[in-house]
Amino acid sequence: MQVPPNSDLTLGMVCVDKSEPGRCTWRMTAHERFANPAGTMQGGFLAAFADSSMGAAAVTFVQGRKVFSANAEMKISFLAPVPPGAILTCTAEVVSGGSTVAFVEASIFASTRVSSGDGTTAGGEPGGGTDGGTDGGTDGGPAGGTDGGPAGTPAGGGRLVARANSTYIFRPRD
C-alpha cells in the first residue's frame with residue numbers, strides 16, 4: 001500500500017492536521033489543469049478531495065486497529081464555483097461510528113486571499129478581503145469564524161464551496 005496514495009500526490013493534497021482522532025484537515029490548490037470548460041474547478045476533483053479527507057478521518061477514527069477502509073457511498077453538494085488558483089481547505093469529521101462503520105462529513109472552503117506579508121491582502125485593503133464584505137474575509141458573509149469569516153471557517157478564511165458526507169466500512173486486516 002502506498003502512502004500517500006497516487007491520487008493525493010496527483011492532485012497535490014496535503015494533510016495539515018490529523019491531531020484529533022476522527023477529524024482531519026487537508027489543503028490543496030485548485031490548479032488550472034482541473035478546470036472545466038467554464039473555467040472553474042470540475043466537481044469530480046472536489047469530490048476526490050472530499051473523499052481523501054473523509055477517508056483519512058475514518059482511518060484516524062479506528063485509532064490503531066488494523067483495518068481496510070472502503071467508501072460505501074458518498075454524496076456531495078457543490079455550493080459555489082471554485083476559480084483556478086484558489087486555496088482549498090477541507091475539514092472532515094466522523095460524526096458517528098463503531099467497529100465496522102463510520103459516518104463522515106466534510107466541508108470544503110476556497111480562499112483567493114493572498115497575503116503580501118505587510119498586512120494587505122489580494123484586494124489591497126489592510127486586513128481586508130476581496131469580496132467587499134465587512135468582515136475582512138473573502139466570503140461576503142457575517143463575522144464569527146476563526147478568521148473573522150463565517151462560523152466554521154478554517155483559519156485563513158474562505159467561502160464554503162462544497163459539503164459532503166460518506167459512509168465508510170471497516171474490515172479487519174491481518
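Strands S1 and S2 form a hairpin with 2 residues between them, and glycine 22 in the turn has a positive phi of about 80 degrees. The two strands run antiparallel and are joined by 4 bridges, with cysteine 15 standing opposite tryptophan 26 of S2. These details, like those that follow, are read from a predicted model.

**The sheet around the hairpin**

The hairpin belongs to an open sheet of 6 strands, in which the order is S1-S2-S4-S5-S6-S3 and the pairing is antiparallel. Strand S1 (14-20) and strand S3 (67-78) are the edge strands, each of them pairing on one side only. From one strand to the next the twist averages 20 degrees. Strand S2 (residues 23-29) also pairs in the antiparallel sense with strand S4 (residues 87-97), over 7 bridges. Within that pairing, cysteine 24 has alanine 92 of S4 as its bridge partner, while threonine 25 stands opposite threonine 91. Helix H2 (residues 43-61) lies across S1, S2, S3, S4, strand S5 (101-111) and strand S6 (159-172), and the helix runs at about 45 degrees to S4.

**Three residues and their surroundings**

The table sets out the contacts of three residues, leaving aside neighbours up to four places away in sequence.

| Residue | Contacts beyond four places in sequence |
|---|---|
| Threonine 25 | Val14, Cys15, Val16, Asp17, Thr89, Cys90, Thr91 |
| Isoleucine 108 | Leu46, Phe49, Ala50, Leu88, Thr89, Cys90, Arg159, Leu160, Val161, Ala162 |
| Leucine 160 | Leu79, Ala80, Ser107, Ile108, Phe109 |

Is threonine 25, a residue of strand S2, buried or exposed? Threonine 25 counts as buried because its relative accessible area is 13%, and buried here means under 20%. Leucine 160, in strand S6, has a relative accessible area of 31% and is therefore classed as partly exposed. The C-alpha atom of leucine 160 is separated by 9.2 Å from that of phenylalanine 78, although the two residues are 82 residues apart along the chain. Leucine 160 is in contact with Ile108, and the contacts of isoleucine 108 include, besides Leu160, the residues Leu46, Phe49 and Ala50.

**The nonpolar core**

In soluble globular proteins, nonpolar side chains tend to be buried together. The largest nonpolar core in this model has 34 residues, and the members that touch the most other members are Val82, Leu88, Val104 and Ile108. Two or more residues of this core come from each of the elements S2, H2, S4, S5 and S6. Which element gives the most to the core? That element is H2, which gives 7 residues, and H2 is also the helix that lies across the strands of the sheet described above.

**Confidence along the chain**

The average pLDDT of the chain is 78, and 69% of the residues score at least 70. Confidence is highest in S5, at 97, whereas helix H1 (residues 6-11) has the lowest, at a mean of 70. Over residues 114-152, however, the pLDDT is below 50, even though this stretch has 70 contacts in the model beyond near neighbours in sequence. Where pLDDT is low, the predicted coordinates should not be read in detail. For the bench reader, that caution bears on the contacts of residues 114-152, where the pLDDT is below 50.

Terms used:
Residues are numbered from 1 along each chain as its sequence is written. Side-chain values use heavy atoms; hydrogens and water are left out. Two strands pair if DSSP finds at least two bridges between them. Axes are lines fitted to C-alpha atoms, for helices over the stretch in contact, and angles run from 0 to 180 degrees between N-to-C directions. Contact means heavy atoms within 4.5 Å. Buried means under 20% relative accessible area, exposed over 50%, partly exposed in between (1.4 Å probe, protein chains only). A nonpolar core is a set of buried Ala, Val, Leu, Ile, Met, Phe, Trp, Tyr and Cys residues joined through side-chain atoms within 4.5 Å. pLDDT is the predictor's confidence in each residue, from 0 to 100.
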